[in-house]
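Trainee: I would like to understand the labels people put on a structure. Could we go through some of them together and check each against its cut-off?

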Amino acid sequence: MTHVTTHQAEEDSRNETILIYLNGRIVPKAEALVSVYDSGFMLGDGVWEGLRLYDGRWAFLDDHMDRLFEAAKAIDLDIGMTRAEVIDALEQTRAANEMTTDAHARLMVTRGVKSRPFQHPSLSRQGPTVTIIMEHSKPSIPRPIRLATVPHIRGLPMTQDPKLNSHSKLNCILACIAAEKAGADEALMLDVHGFVNTTNACNFFIVRKGEVWTSTGDYCMNGITRAKVIEACRQNGIPVFEKNYSLVDTYGADEAFLTGTFGAQTPVSEIDGRQIGTGTMGPVTQRIRDLYKALIESEAN
(Lines give C-alpha, C1' and ligand atoms only; values in the text may rest on other atoms or scores of the structure.)
Protein backbone atom coordinates (compact mmCIF):
# COMPACT_ATOMS: atom_id res chain seq x y z
CA MET A 1 0.00 0.00 0.00
CA THR A 2 1.38 3.40 -1.01
CA HIS A 3 1.72 5.88 1.83
CA VAL A 4 1.26 9.64 1.53
CA THR A 5 2.81 12.10 3.95
CA THR A 6 1.42 15.45 5.01
CA HIS A 7 4.71 17.08 4.01
CA GLN A 8 4.93 15.57 0.53
CA ALA A 9 6.25 18.11 -2.01
CA GLU A 10 7.01 18.24 -5.69
CA GLU A 11 10.54 17.17 -6.59
CA ASP A 12 12.68 20.24 -7.22
CA SER A 13 16.29 19.87 -8.38
CA ARG A 14 17.12 23.35 -7.07
CA ASN A 15 17.08 21.92 -3.55
CA GLU A 16 20.32 20.07 -4.29
CA THR A 17 22.17 23.39 -4.34
CA ILE A 18 20.40 25.33 -1.60
CA LEU A 19 22.32 27.55 0.78
CA ILE A 20 21.79 27.12 4.51
CA TYR A 21 22.16 29.58 7.37
CA LEU A 22 24.39 28.27 10.15
CA ASN A 23 25.50 30.46 13.05
CA GLY A 24 25.79 33.70 11.10
CA ARG A 25 27.14 32.18 7.88
CA ILE A 26 25.34 31.10 4.74
CA VAL A 27 26.95 27.95 3.42
CA PRO A 28 26.33 25.27 0.76
CA LYS A 29 24.19 22.32 1.81
CA ALA A 30 27.20 19.98 1.97
CA GLU A 31 29.00 22.32 4.37
CA ALA A 32 26.07 22.86 6.77
CA LEU A 33 27.43 20.57 9.47
CA VAL A 34 27.08 20.59 13.25
CA SER A 35 29.10 18.81 15.91
CA VAL A 36 28.12 15.38 17.24
CA TYR A 37 28.37 17.16 20.61
CA ASP A 38 25.57 19.55 19.66
CA SER A 39 22.73 19.51 22.20
CA GLY A 40 20.14 19.10 19.47
CA PHE A 41 21.82 16.03 17.99
CA MET A 42 22.72 14.50 21.32
CA LEU A 43 19.56 15.16 23.34
CA GLY A 44 16.92 16.82 21.19
CA ASP A 45 17.52 19.95 23.25
CA GLY A 46 16.20 22.80 21.12
CA VAL A 47 13.17 24.50 19.58
CA TRP A 48 12.15 25.19 16.00
CA GLU A 49 9.65 26.86 13.68
CA GLY A 50 8.39 25.99 10.21
CA LEU A 51 7.49 28.95 7.98
CA ARG A 52 5.95 29.30 4.51
CA LEU A 53 6.87 31.90 1.91
CA TYR A 54 4.00 33.21 -0.22
CA ASP A 55 4.61 35.89 -2.84
CA GLY A 56 7.69 37.28 -1.14
CA ARG A 57 6.29 37.31 2.40
CA TRP A 58 6.53 34.89 5.30
CA ALA A 59 2.99 33.98 6.37
CA PHE A 60 2.11 35.02 9.91
CA LEU A 61 5.73 35.88 10.69
CA ASP A 62 4.95 37.70 13.95
CA ASP A 63 3.04 34.68 15.27
CA HIS A 64 5.96 32.38 14.45
CA MET A 65 8.46 34.70 16.13
CA ASP A 66 6.24 34.95 19.21
CA ARG A 67 6.08 31.17 19.46
CA LEU A 68 9.83 30.71 18.89
CA PHE A 69 10.89 33.18 21.58
CA GLU A 70 8.26 31.94 24.06
CA ALA A 71 9.44 28.34 23.56
CA ALA A 72 13.08 29.36 24.01
CA LYS A 73 12.21 31.17 27.23
CA ALA A 74 10.24 28.15 28.44
CA ILE A 75 13.30 25.89 28.15
CA ASP A 76 15.66 28.62 29.43
CA LEU A 77 17.49 28.86 26.09
CA ASP A 78 19.07 32.16 25.10
CA ILE A 79 18.79 32.39 21.31
CA GLY A 80 21.60 34.95 21.31
CA MET A 81 19.81 37.05 18.69
CA THR A 82 17.07 39.63 18.84
CA ARG A 83 13.77 39.10 17.10
CA ALA A 84 14.87 41.53 14.36
CA GLU A 85 18.15 39.65 13.91
CA VAL A 86 16.36 36.32 13.51
CA ILE A 87 14.07 37.84 10.87
CA ASP A 88 17.08 39.36 9.13
CA ALA A 89 18.78 35.92 9.07
CA LEU A 90 15.63 34.48 7.54
CA GLU A 91 15.62 37.18 4.87
CA GLN A 92 19.34 36.76 4.18
CA THR A 93 18.78 33.06 3.56
CA ARG A 94 15.78 33.73 1.34
CA ALA A 95 17.71 36.27 -0.74
CA ALA A 96 20.76 34.02 -1.03
CA ASN A 97 18.54 31.28 -2.44
CA GLU A 98 16.59 33.70 -4.67
CA MET A 99 13.29 32.39 -3.33
CA THR A 100 10.09 34.35 -3.87
CA THR A 101 7.21 31.91 -3.22
CA ASP A 102 6.42 28.24 -2.54
CA ALA A 103 9.35 27.95 -0.14
CA HIS A 104 9.49 26.37 3.29
CA ALA A 105 11.91 27.30 6.07
CA ARG A 106 12.81 25.24 9.09
CA LEU A 107 14.37 27.54 11.68
CA MET A 108 16.11 25.61 14.45
CA VAL A 109 17.81 26.71 17.66
CA THR A 110 19.61 24.28 19.95
CA ARG A 111 21.45 24.85 23.20
CA GLY A 112 24.67 24.40 21.27
CA VAL A 113 27.81 22.31 21.51
CA LYS A 114 28.40 20.49 24.80
CA SER A 115 31.77 20.11 26.47
CA ARG A 116 30.99 16.51 27.48
CA PRO A 117 28.38 14.01 26.21
CA PHE A 118 25.96 14.29 29.13
CA GLN A 119 22.58 15.81 29.84
CA HIS A 120 23.17 18.79 32.13
CA PRO A 121 22.51 22.07 30.27
CA SER A 122 25.50 23.72 31.95
CA LEU A 123 27.70 21.58 29.69
CA SER A 124 26.51 23.66 26.70
CA ARG A 125 29.03 26.48 27.05
CA GLN A 126 29.61 27.73 23.51
CA GLY A 127 26.25 29.36 22.95
CA PRO A 128 23.32 28.29 20.79
CA THR A 129 23.38 26.71 17.34
CA VAL A 130 21.05 28.57 14.96
CA THR A 131 20.20 26.96 11.62
CA ILE A 132 17.80 27.84 8.81
CA ILE A 133 17.09 25.23 6.15
CA MET A 134 15.12 26.71 3.27
CA GLU A 135 13.76 24.62 0.41
CA HIS A 136 11.74 25.14 -2.73
CA SER A 137 8.63 23.35 -1.55
CA LYS A 138 5.31 23.13 -3.35
CA PRO A 139 2.90 20.72 -1.62
CA SER A 140 2.02 17.69 -3.72
CA ILE A 141 -0.39 15.52 -1.74
CA PRO A 142 -2.07 13.33 -4.37
CA ARG A 143 -5.05 12.18 -2.33
CA PRO A 144 -6.74 12.72 1.04
CA ILE A 145 -4.91 11.33 4.06
CA ARG A 146 -5.74 8.03 5.76
CA LEU A 147 -5.42 8.01 9.57
CA ALA A 148 -5.11 5.23 12.13
CA THR A 149 -5.62 5.70 15.86
CA VAL A 150 -2.51 4.69 17.80
CA PRO A 151 -1.80 3.96 21.48
CA HIS A 152 0.68 6.83 21.74
CA ILE A 153 -0.85 9.95 23.30
CA ARG A 154 0.02 13.61 23.64
CA GLY A 155 0.62 13.83 27.37
CA LEU A 156 0.40 16.12 30.34
CA PRO A 157 2.35 19.38 30.45
CA MET A 158 4.35 18.24 33.49
CA THR A 159 6.01 15.54 31.40
CA GLN A 160 6.73 17.22 28.05
CA ASP A 161 4.27 19.97 27.27
CA PRO A 162 2.77 19.16 23.85
CA LYS A 163 2.49 22.89 23.15
CA LEU A 164 6.29 23.10 23.06
CA ASN A 165 7.72 22.95 19.53
CA SER A 166 10.84 21.11 20.64
CA HIS A 167 13.37 18.97 18.82
CA SER A 168 12.31 16.01 20.99
CA LYS A 169 9.83 14.36 18.60
CA LEU A 170 10.32 10.65 19.34
CA ASN A 171 6.80 10.21 20.72
CA CYS A 172 5.31 11.55 17.48
CA ILE A 173 7.72 9.51 15.34
CA LEU A 174 6.70 6.32 17.14
CA ALA A 175 3.05 7.24 16.57
CA CYS A 176 3.74 7.76 12.86
CA ILE A 177 5.50 4.38 12.63
CA ALA A 178 2.55 2.66 14.34
CA ALA A 179 0.12 4.27 11.88
CA GLU A 180 2.16 3.18 8.87
CA LYS A 181 2.38 -0.36 10.24
CA ALA A 182 -1.44 -0.26 10.37
CA GLY A 183 -1.57 0.74 6.70
CA ALA A 184 -2.37 4.42 7.25
CA ASP A 185 -0.50 7.60 6.33
CA GLU A 186 -0.47 9.34 9.67
CA ALA A 187 -1.41 8.71 13.30
CA LEU A 188 -4.48 10.01 15.07
CA MET A 189 -3.46 10.57 18.68
CA LEU A 190 -5.78 10.79 21.68
CA ASP A 191 -5.30 12.88 24.82
CA VAL A 192 -4.80 11.59 28.36
CA HIS A 193 -8.59 11.23 28.81
CA GLY A 194 -9.13 9.29 25.58
CA PHE A 195 -10.61 12.17 23.60
CA VAL A 196 -9.53 12.84 20.02
CA ASN A 197 -6.58 15.21 20.03
CA THR A 198 -4.21 15.63 17.10
CA THR A 199 -2.13 13.71 14.60
CA ASN A 200 1.58 13.05 14.91
CA ALA A 201 2.42 16.03 12.67
CA CYS A 202 -0.68 18.22 12.32
CA ASN A 203 -3.68 19.59 14.16
CA PHE A 204 -6.98 17.81 13.52
CA PHE A 205 -10.53 19.01 12.79
CA ILE A 206 -13.84 17.37 11.96
CA VAL A 207 -17.05 18.75 10.48
CA ARG A 208 -20.44 17.56 11.73
CA LYS A 209 -23.69 19.02 10.37
CA GLY A 210 -21.96 22.23 9.34
CA GLU A 211 -20.11 22.64 12.65
CA VAL A 212 -16.33 22.57 12.85
CA TRP A 213 -14.89 20.74 15.88
CA THR A 214 -11.33 20.52 17.13
CA SER A 215 -9.80 19.50 20.44
CA THR A 216 -9.78 21.75 23.50
CA GLY A 217 -6.16 22.58 22.71
CA ASP A 218 -5.02 21.46 26.15
CA TYR A 219 -2.85 18.60 24.83
CA CYS A 220 -1.88 19.60 21.30
CA MET A 221 0.63 21.84 19.60
CA ASN A 222 -0.58 25.45 19.64
CA GLY A 223 -0.61 25.44 15.86
CA ILE A 224 -0.61 28.80 14.13
CA THR A 225 -2.60 27.43 11.17
CA ARG A 226 -5.01 25.89 13.68
CA ALA A 227 -5.55 29.28 15.29
CA LYS A 228 -6.02 30.99 11.92
CA VAL A 229 -8.65 28.41 10.88
CA ILE A 230 -10.59 28.96 14.13
CA GLU A 231 -10.34 32.73 13.63
CA ALA A 232 -11.50 32.48 9.99
CA CYS A 233 -14.50 30.37 11.01
CA ARG A 234 -15.53 32.81 13.73
CA GLN A 235 -15.22 35.80 11.43
CA ASN A 236 -17.22 34.19 8.63
CA GLY A 237 -20.19 32.66 10.39
CA ILE A 238 -18.96 29.06 10.50
CA PRO A 239 -19.78 27.49 13.89
CA VAL A 240 -16.52 26.30 15.43
CA PHE A 241 -15.96 24.58 18.77
CA GLU A 242 -12.87 23.67 20.77
CA LYS A 243 -14.21 20.73 22.76
CA ASN A 244 -13.78 17.17 23.91
CA TYR A 245 -15.13 14.60 21.46
CA SER A 246 -14.67 10.89 20.94
CA LEU A 247 -13.72 8.50 18.19
CA VAL A 248 -17.44 7.71 17.81
CA ASP A 249 -18.04 11.39 16.95
CA THR A 250 -15.08 11.28 14.58
CA TYR A 251 -16.16 8.17 12.67
CA GLY A 252 -19.56 9.78 12.09
CA ALA A 253 -18.13 13.07 10.83
CA ASP A 254 -19.14 14.51 7.46
CA GLU A 255 -15.62 15.79 6.84
CA ALA A 256 -12.21 15.77 8.49
CA PHE A 257 -9.06 17.73 7.76
CA LEU A 258 -5.60 18.48 9.08
CA THR A 259 -3.95 21.85 9.52
CA GLY A 260 -0.29 22.79 9.44
CA THR A 261 2.09 25.39 8.09
CA PHE A 262 3.18 23.21 5.17
CA GLY A 263 -0.09 21.80 3.83
CA ALA A 264 -2.48 24.46 5.19
CA GLN A 265 -5.65 22.32 5.13
CA THR A 266 -5.34 18.67 4.08
CA PRO A 267 -8.48 16.54 3.73
CA VAL A 268 -8.82 13.17 5.48
CA SER A 269 -10.58 10.32 3.67
CA GLU A 270 -10.44 7.48 6.17
CA ILE A 271 -9.93 6.86 9.88
CA ASP A 272 -9.37 3.34 11.21
CA GLY A 273 -10.71 1.85 7.99
CA ARG A 274 -13.90 3.91 8.09
CA GLN A 275 -14.60 6.31 5.22
CA ILE A 276 -15.23 9.87 6.35
CA GLY A 277 -18.06 11.50 4.42
CA THR A 278 -17.56 11.03 0.70
CA GLY A 279 -13.86 10.29 1.16
CA THR A 280 -12.98 13.51 -0.66
CA MET A 281 -12.54 17.15 0.33
CA GLY A 282 -15.89 18.38 1.64
CA PRO A 283 -17.52 21.78 1.06
CA VAL A 284 -16.78 23.17 4.51
CA THR A 285 -13.11 22.20 4.24
CA GLN A 286 -12.96 23.81 0.79
CA ARG A 287 -14.55 27.02 2.11
CA ILE A 288 -12.07 27.14 5.00
CA ARG A 289 -9.20 26.59 2.56
CA ASP A 290 -10.45 29.52 0.46
CA LEU A 291 -10.80 31.75 3.54
CA TYR A 292 -7.29 30.83 4.68
CA LYS A 293 -5.86 31.64 1.26
CA ALA A 294 -7.64 35.01 1.34
CA LEU A 295 -6.21 35.66 4.82
CA ILE A 296 -2.67 35.05 3.56
CA GLU A 297 -3.29 37.35 0.60
CA SER A 298 -4.61 40.07 2.88
CA GLU A 299 -1.47 39.83 5.04
CA ALA A 300 0.64 40.47 1.93
CA ASN A 301 -1.17 43.72 1.11
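Mentor: Happily. Ile153 is found in strand E7, which covers residues 145–153. Keep in mind that this is a predicted model.

Trainee: Why is Ile153 called partly exposed?

Mentor: Its relative accessible area is 34%. Buried means under 20% and exposed means over 50%, so Ile153, at 34%, falls in between and counts as partly exposed.

Trainee: What makes Ile153 part of a nonpolar surface patch?

Mentor: Patch residues need over 30% relative accessible area, and Ile153 has 34%. Ile153 makes the patch together with Leu156, Met158 and Val192, and the patch is about 340 Å².

Trainee: And is Leu190 buried or exposed?

Mentor: Leu190 lies in strand E8 (residues 186–190). Its relative accessibility is 15% and the limit for buried is under 20%, so Leu190 counts as buried. Leu190 and Thr149 are 41 residues apart in sequence, yet 7.7 Å apart in space, C-alpha to C-alpha.

Trainee: Let's turn to charges. Why is the contact of Arg14 and Asp12 called a salt bridge?

Mentor: Side chains of opposite charge can pair when their charged atoms come close. The cut-off is a nitrogen to oxygen distance within 4 Å. Arg14 and Asp12 meet at 2.7 Å, N to O, so the pair qualifies as a salt bridge. Arg14 is partly exposed, at 46% relative accessibility.

Trainee: How do you know that Glu91 and Arg94 are about one helical turn apart?

Mentor: Because they are 3 residues apart in helix H3, about one helical turn separates them. Their side chains form a salt bridge at 3.1 Å, N to O. The two labels for accessibility are worth checking too: Glu91, with 28%, is partly exposed, whereas Arg94, with 18%, counts as buried.

Trainee: What about Glu242 and Arg234; what makes them a salt bridge?

Mentor: Their side chains meet at 3.4 Å, N to O, and the limit is 4 Å, so this pair passes as well. Arg234, at 55%, counts as exposed, while Glu242, at 36%, is partly exposed. Elsewhere, Asp62, Asp66 and Arg83 are joined into one network by salt bridges that share partners. A search of the whole structure finds 10 salt bridges.

Trainee: Now the rings. Why is the pair of Phe205 and Phe257 called stacked?

Mentor: The structure holds 3 aromatic pairs. In the pair of Phe205 and Phe257, the centres are 4.9 Å apart and the planes differ by 5°. Pairing needs centres within 6.5 Å and stacking needs planes under 30 degrees apart, so this is a stacked pair. Phe205 lies in strand E10 (residues 203–208) and Phe257 in strand E13 (residues 255–260), so the pair ties together parts that are 52 residues apart in sequence. Both residues are buried.

Trainee: How do you know that the charged end of Lys243 sits over the ring of Trp213?

Mentor: Its distance from the ring centre is 3.7 Å, against a limit of 6 Å; the direction must also be within 35 degrees of the ring normal. Arg52 likewise has its charged end over the ring of Tyr54, 5.9 Å from the centre.

Trainee: Last one: which residues touch the most other members of the largest nonpolar core?

Mentor: Trp58, Leu68, Leu90, Leu107 and Ile132 do, in a core of 27 residues. Several elements supply at least two residues each, including strand E3 (46–54) and helix H3 (83–96). Helix H2 gives the most, with 5 residues.

How values were computed:
Residues are numbered from 1 along each chain as its sequence is written. This is a predicted model: local features need pLDDT of at least 70, side-chain atom pairs count only at pLDDT 80 or more; totals for chains, interfaces and linings use all residues. Side-chain values use heavy atoms; hydrogens and water are left out. Patches are made of residues with over 30% relative accessible area and no salt bridge: like charges are joined within 9 Å, nonpolar side chains (Val, Leu, Ile, Met, Phe, Trp, Tyr) within 5 Å. Accessible areas come from the Shrake-Rupley method with a 1.4 Å probe; for residues, only the protein chains shown count as cover. Helices (H or I, at least four residues) and strands (E, at least two) are DSSP runs, numbered from the N terminus. Buried means under 20% relative accessible area, exposed over 50%, partly exposed in between (1.4 Å probe, protein chains only). Rings of Phe, Tyr and Trp (its six-membered ring) pair if their centres lie within 6.5 Å; planes under 30 degrees apart count as stacked, over 60 as edge-to-face and the rest as tilted. A nonpolar core is a set of buried Ala, Val, Leu, Ile, Met, Phe, Trp, Tyr and Cys residues joined through side-chain atoms within 4.5 Å.
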